[in-house]
Amino acid sequence: MPTLVLKPGREKALLRRHPWIFSGAVARVQGHPGPGETVTVVDAQGRFLAQAAYSPQSQIRARVWTFRQDEVIGPAWFRQRLQNALALRAAALPPDDTGRRLVFAEADGLPGFIADRYGDTVVVQFLSAGAEFWRGTILDALRDLVPAAHYYERSEGEARRLEGLPPRRGPLLGTPPPPERVPIREGGLTFTVDVQHGHKTGFYLDQRPNRALVRAWARDRRVLDVFAYTGGFSVNALAGGAAQVTALDASADALALAAAHVRLNALPADRFTPLEGNAFQVLRAFVQQGRTFDLIVLDPPKFASRAAQVPKAARGYKDINRLAFLLLAPGGVLFTFSCSGALERDLFQKIVADAALDAGRSGHILADLGQGPDHPIPLAYPEARYLKGLLVWVGDGLRAGRADANPPAPPG
Ligand code: SAH
């Protein structure tokens, strides 16, 4: 087998079971491995460290399949890894929820491979050279373990580009294309998923536990769902008895689907207001108009995909959170999220605290929020934690009387 020899001292991360080998850690390559081929990784003294998938074009030069020498990377091995991933979901998710991430790449010991199930449709993504190399093997095993009417591929985006792979999308393995809107059940509610064109593979499965929490908090509250997409939070708020829900998003298509989901679940459409616009501008306008809400969800897109983008992203998060604090009535609650993996949880909390301070509000963290259990976080690979959130209670606030502070809501 071809061999990757590391520079002296560069084995530390692997010894802690972290699955990435960066190009700068590699002293030399023995043999001529092609993209995705399995290589043996050894330290500078030639001691075995791991078996990994070689990726000649990527900064992440190899991704570990196994830290054991006695395992053979092949059909039986992939089947075993997939079975482990499926067992975790079966144990951790409500059986009636028919949308779920089945495989979460590195987090399930299958670097670069993602599989999401939406009812009778499975959407797969091969995002690394190694996953691409084994695509036939992985698909055969998965299809055997998870029989579904439709298999659809969405191998695209930045990750794939960095691996030197062209984007690839379409129905797989002779299965017919999935319907335009694939129905799923979550928490007893129905959503539909556009697996061919939607964000990621179509739905933000990672927010499952937080949608349930919003539902539990929504009763009689005036809700503002910012970055609402297809209304996951909005629909849950209505199901939880919200007095009013305003869903704000830049995408008219996403909002049309959100409105459809309100109807589909027989929820009161007269309590639902979709609003197309730029969140930063609309929230500013709301502040000027003196509008108030009792529950605000902030679930923005990823502002930082790299460490270098964190300072700029931090300003964006602070701005949006400051506006949200200004819009919250006494007794209001804020569900605020960041899905930027590059931005750490502690920094996110500081940003939210600064935003409250600037808004002249006090607050208490009632819960630390994160991705659901179908996006598990290996102890040895904490980078898998990318979604973080806070549930903040804004009591009666610290009415600092600043010039930009929110005037009280008009009676009624
Ligand atoms: N909360 C959603 C997921 C949000 S994804 C859910 O649980 O399903 C981020 C959303 O933000 C996308 O729908 C995108 O259209 C929207 N968006 C991105 N930039 C925006 C902006 N500046 N103003 C309003 N919406 C924006």
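This briefing walks through a protein chain and its bound ligand, one topic at a time. The model is predicted, and its protein chain averages a pLDDT of 95, with 96% of the residues scoring at least 70. The ligand is surrounded by 15 residues, and one of the closest, F227, also stands out in its backbone, since its phi is positive at about 65 degrees although F227 is not a glycine.

**Confidence along the chain**

- While the average pLDDT of the protein chain is 95, the value stays under 50 over residues 400-405.
- For that stretch, residues 400-405, the model has 9 contacts beyond four places in sequence.

**The ligand and its surroundings**

- Of the 15 residues that surround the ligand, the closest are F227, D249, A250, A279 and D299.
- Sorted by class, this shell is made up of 8 nonpolar, 4 polar and 3 charged residues.
- An oxygen atom of the ligand lies 2.6 Å from a polar side-chain atom of D249, a residue that is also the end of strand β15 (244-249).
- On the nitrogen side, a polar backbone atom of A279 is 2.8 Å from a nitrogen atom of the ligand, and an N or O atom in the side chain of D299 is 2.7 Å from a nitrogen atom of the ligand.
- On its own the ligand has 580 Å² of accessible area, and the protein covers 88% of this.

**The loop between β14 and α7**

- F227 is found in the loop that runs between β14 (222-226) and α7 (232-239), and Y229 has its place in the loop between β14 and α7 as well.
- Y229, like F227, is a residue other than glycine with a positive phi, which for Y229 is about 50 degrees, whereas the phi of F227 is about 65 degrees.
- As background to these two values, most residues other than glycine have a negative phi.
- F227 counts as buried because its relative accessibility is 17%, which is under the 20% limit for that label.
- Y229 is buried too, because its relative accessible area is 12%.

**Helix α7 and the residues that follow**

- Helix α7 is largely enclosed by the rest of the structure, because 7 of its 8 residues are buried.
- The buried residues of α7 are G232, F233, S234, V235, N236, A237 and L238.
- G240 is located in the loop between α7 and β15 (244-249), and this glycine counts as buried because its relative accessibility is 9%.
- Although G240 and W217 are 23 residues apart along the chain, their C-alpha atoms are separated by 7.3 Å.
- Beyond its neighbours within four places in sequence, G240 is in contact with R215, A218 and R219.
- Another glycine, G241, follows α7 and has a positive phi near 90 degrees.

**H261 in helix α8**

- H261 has its place in helix α8, which spans residues 252-264, and H261 is buried because its relative accessible area is 1%.
- Not counting residues up to four places away in sequence, H261 touches F191, T192, T230 and V235, and V235 is one of the buried residues of α7.

**Two further loop positions**

- S23 lies in the loop between β2 (20-22) and β3 (26-30), and S23 counts as buried because its relative accessibility is 19%, which is under the 20% cut-off.
- S23 and S58 are 35 residues apart in sequence, while the distance in space from C-alpha to C-alpha is 7.7 Å.
- Once its neighbours within four places in sequence are left aside, S23 is in contact with Q59 and R61.
- G341 is found in the loop between β18 (328-338) and α11 (345-359), and G341 counts as partly exposed because its relative accessibility is 42%, a value between the 20% and 50% limits.
- G341 and L379 are 38 residues apart along the chain, and their C-alpha atoms are separated by 16 Å.
- The residues that G341 touches, not counting those up to four places away in sequence, are Y386 and K388.

Note on methods:
Residues numbered from 1 in each chain as written. Predicted model: local features only at pLDDT ≥ 70, side-chain atom pairs only at ≥ 80, totals over all residues. Heavy atoms only, no water. Helix = DSSP H or I, 4+ residues; strand = E, 2+ residues; numbered from the N terminus. Buried < 20%, exposed > 50% of the residue type's maximum accessible area, 1.4 Å probe, protein only. pLDDT = per-residue confidence, 0-100. Contact = heavy atoms within 4.5 Å. Near = heavy atom within 4 Å. Polar contact = N/O pair within 3.5 Å; in protein donor to acceptor, adjacent residues only side chain to side chain. Areas by Shrake-Rupley, 256 points an atom, 1.4 Å probe, with all protein chains shown as cover. Nonpolar A, V, L, I, M, F, W, Y, C, P; charged D, E, K, R; others polar.
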